[in-house]
Amino acid sequence: MAVPVRFASRLMLVLALVGVVPVLLLGGLAFRSNRDELHRLVGGLQTQAATDLARSCRQLVLTGVDNLSLAAEYLPFDDLGPQDKDASQVLSIPLRQLGTLNLIVLVDAQGHAIAPAVFFPEGNGVRQRVTDGSMALFSRQAPIRDALSTGAAIGAPYRVPEAPGGRVALAVRAGGDSSRLLLAELSLAELGHRVEELALEGGLAFIVDAQGEPVASASGHGALSEEERSLVSDGLSLGEPVVRTVRGLDGVEYLAAFAPVRDLGWGAVVGRRASTAFAPAEHVRRSTFFWALMALAATGVLGVVLSRGVSQPVAQLSEGVAALAEGRYDQRVPEEGRDELGLLARSFNHMAGELQRRDAELRCWSQELQQRVELGTRQLREAQDQIARTRRLAALGSLSAGIAHELNNPLTGILGLLSLASDEVPAQSPLHQNLTMALEQARRMAHIIRELRQLAEQERAGAGCPLDFLQPVRAALHELRDELQSRGVTVSCELSEPVPRVLGHADQLQKVVTSLLQNALTAMPSGGALSVGLAAVEGDAVCLSVKDTGKGIPEAMRERIFDPFFTTKDEPGRVGLGLSVAHRIVEAHYGRIRVESAEGQGTTITVILPAAGGEAHLS
């Protein structure tokens, strides 16, 4: 009797090793792999959310400084005195226009108010209530010394006990008087609303200053735990995003990400409950334990009931485990019968299907990443082509300048001799007609030489000065108005006002617009519709678009339209230099010119120029 018992024990042990241990091993590996992957993916999402929150914080504060600087530059604060009755009215102008300011006051170099502070006592919108206590804190936090030395400064953020939301004091030099400062209190209530939205459904979100103290946080989350302070401290010292699990004062564990607020020294933290972030991994672990128990029960029943006939199912299960270990997730175990072995096989197949599904998701994500890399590579290749075309145009411009210089003097003599000879010959004679034709062709050559010289002289024109791009556009439209009407071209303009000023030369930019309009005009010999648009691009650039309904440009010729002397037009006097000169002018203004066209569907040429910087505007 001892042999059967010993055999059954050995069979149960073998079945347990083959059926239960691989399930636990693969389940543990799957749990660890899923948890690590979830930590990376969810942590990346939290990092992106923290980065967006930090970017919003930085934009809010720096925009407040910029707007306050513009108000200090253009309003007559130099003329205001302590007894000036109009002081409050002047100060109320930027307060009404800038909705994020709680109060504004004009002070001297010692911090004494030149005019009474202007504010809305009860606040409105994102403005916060101004009290005596908040005024006292504002006076202590105002960065007067820094603003006197640098022209503009941002104080440390602070909170008022009787009012929710953080605040920060701003200071800029007022007008041309270096001894006067314009102080303002910037409301951070907008950040508080953003933090509340991120902290919904038990999440974690707050903003800290350079000392790690909360500036804006969700309701019920005032103080920080030791682990949260450690996360903030590491992030502030490193100056880069940090992701880890932390435990709050309420004992809840979060997967939190820290992102620094550039230029301010602050930080933003966004987190998600760890139980929610790692829920799929926990499900895998529970599933692993469940199926391990099921497999253990099945091996016990099989070991008691069977002593023979189990080697083949066990071998099949072992093969399935080996296939999973090798990454062949399509391997399945035959599901024969409705007994415990059949249940174990079905359970194993279910687990393999789950692993196969998760592997497919990871592969899909990898393919998407590869597509993004290919897109970036394609964009880089386009940039390289743009650089090569610019270098080619620069070389052609230098060659054109040399040729134009050598031909200009002889051609001047030829024009003079032809004019004298034409005057000495009777007007009705054939010789006079021949001389007139020769004189016209010589003048055409002089026109070509002038365009060649313009093609080479764009880079020597200097940086220019800030100007309104609307003026060159309107001047070009006015210049070609009669020709557009005579050809039956309908013009529609969408000129947004105002647009940022650009740095350049008005005559050169007018020539660019004129060249684009002439190109569209020649593309529509029988009339058509011409659309001219001018708009700002996120406040950092100006975009001009010229769209016609002409015959379009074939794809084979689209890359050559900016080459000198290349033209598809049959009109006399067109030598193919207009778009080349326009391209050189746009490049000299650090801009870009793009062409979108389809044969038979018209052409759209877009010019993008960078907006002039703050210093250029002020000058």
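## Salt bridges

In this predicted model, Glu37 and Arg40 both belong to helix H1, where three residues, about one turn of the helix, separate them. Their side chains form a salt bridge, with an N to O distance of 2.4 Å. Arg40 has a relative accessibility of 40% and therefore counts as partly exposed, since the partly exposed class runs between 20% and 50%.

A pair in helix H10 has a related arrangement. Arg357 and Glu361 are four residues apart in helix H10, so about one helical turn lies between them. The salt bridge between the side chains of Arg357 and Glu361 has an N to O distance of 2.8 Å. Arg357, at 39% relative accessibility, is partly exposed, and Glu361, with a relative accessible area of 46%, is partly exposed as well.

Arg247 and Glu253 supply a further example, their side chains meeting in a salt bridge at 3.8 Å, N to O. This N to O distance is within the 4 Å limit for a salt bridge. Arg247 is partly exposed at 39% relative accessibility, and Glu253 is partly exposed at 29%. The count of salt bridges comes to 10.

## Nonpolar surface patch

Leu41, Trp365, Leu369 and Val373 make up a nonpolar patch on the surface. Together these residues have about 340 Å² of accessible area. Helix H10, which spans residues 340-424, provides the largest share of the patch, with three residues.

Trp365 is located in helix H10. Its relative accessible area is 38%, so Trp365 is partly exposed; this value is over the 30% required of a patch member.

## Nonpolar cores

In soluble globular proteins, nonpolar side chains tend to be buried together. In this model, the largest nonpolar core has 47 residues, and within it Phe77, Leu182, Leu188 and Ile207 touch the most other members. The element that gives the most to this core is helix H1 (residues 2-74), with 11 residues. A second, separate core consists of 38 residues, including Val512, Leu516, Ala520 and Val532.

The surroundings of Phe77 can be listed by residue. With residues up to four places away in sequence not counted, Phe77 touches Ala71, Ala72, Val90, Leu91, Leu106, Ala174, Arg180 and Leu182.

## Burial of helix H12

Helix H12 covers residues 470-479, and its buried residues are Leu470, Pro472, Val473, Ala476 and Leu477. Several elements contribute to the cover over these buried residues. Among the helices are H13 (481-486) and H14 (506-522). Among the strands are E12 (465-467), E13 (489-495), E15 (528-537) and E16 (541-548).

## The chain as a whole

The chain contains 16 helices and 18 strands. Its length is 619 residues, of which 42% count as buried. The exposed area of the chain is about 33,100 Å², and carbon and sulfur atoms supply 54% of this area.

Contacts between residues at least 6 apart in sequence were also classified by separation. Of these contacts, 64% join residues at least 24 apart.

Note on methods
Residues are numbered from 1 along each chain as its sequence is written. This is a predicted model: local features need pLDDT of at least 70, side-chain atom pairs count only at pLDDT 80 or more; totals for chains, interfaces and linings use all residues. Side-chain values use heavy atoms; hydrogens and water are left out. Buried means under 20% relative accessible area, exposed over 50%, partly exposed in between (1.4 Å probe, protein chains only). Helices (H or I, at least four residues) and strands (E, at least two) are DSSP runs, numbered from the N terminus. Contact means heavy atoms within 4.5 Å. Patches are made of residues with over 30% relative accessible area and no salt bridge: like charges are joined within 9 Å, nonpolar side chains (Val, Leu, Ile, Met, Phe, Trp, Tyr) within 5 Å. Accessible areas come from the Shrake-Rupley method with a 1.4 Å probe; for residues, only the protein chains shown count as cover. A nonpolar core is a set of buried Ala, Val, Leu, Ile, Met, Phe, Trp, Tyr and Cys residues joined through side-chain atoms within 4.5 Å.
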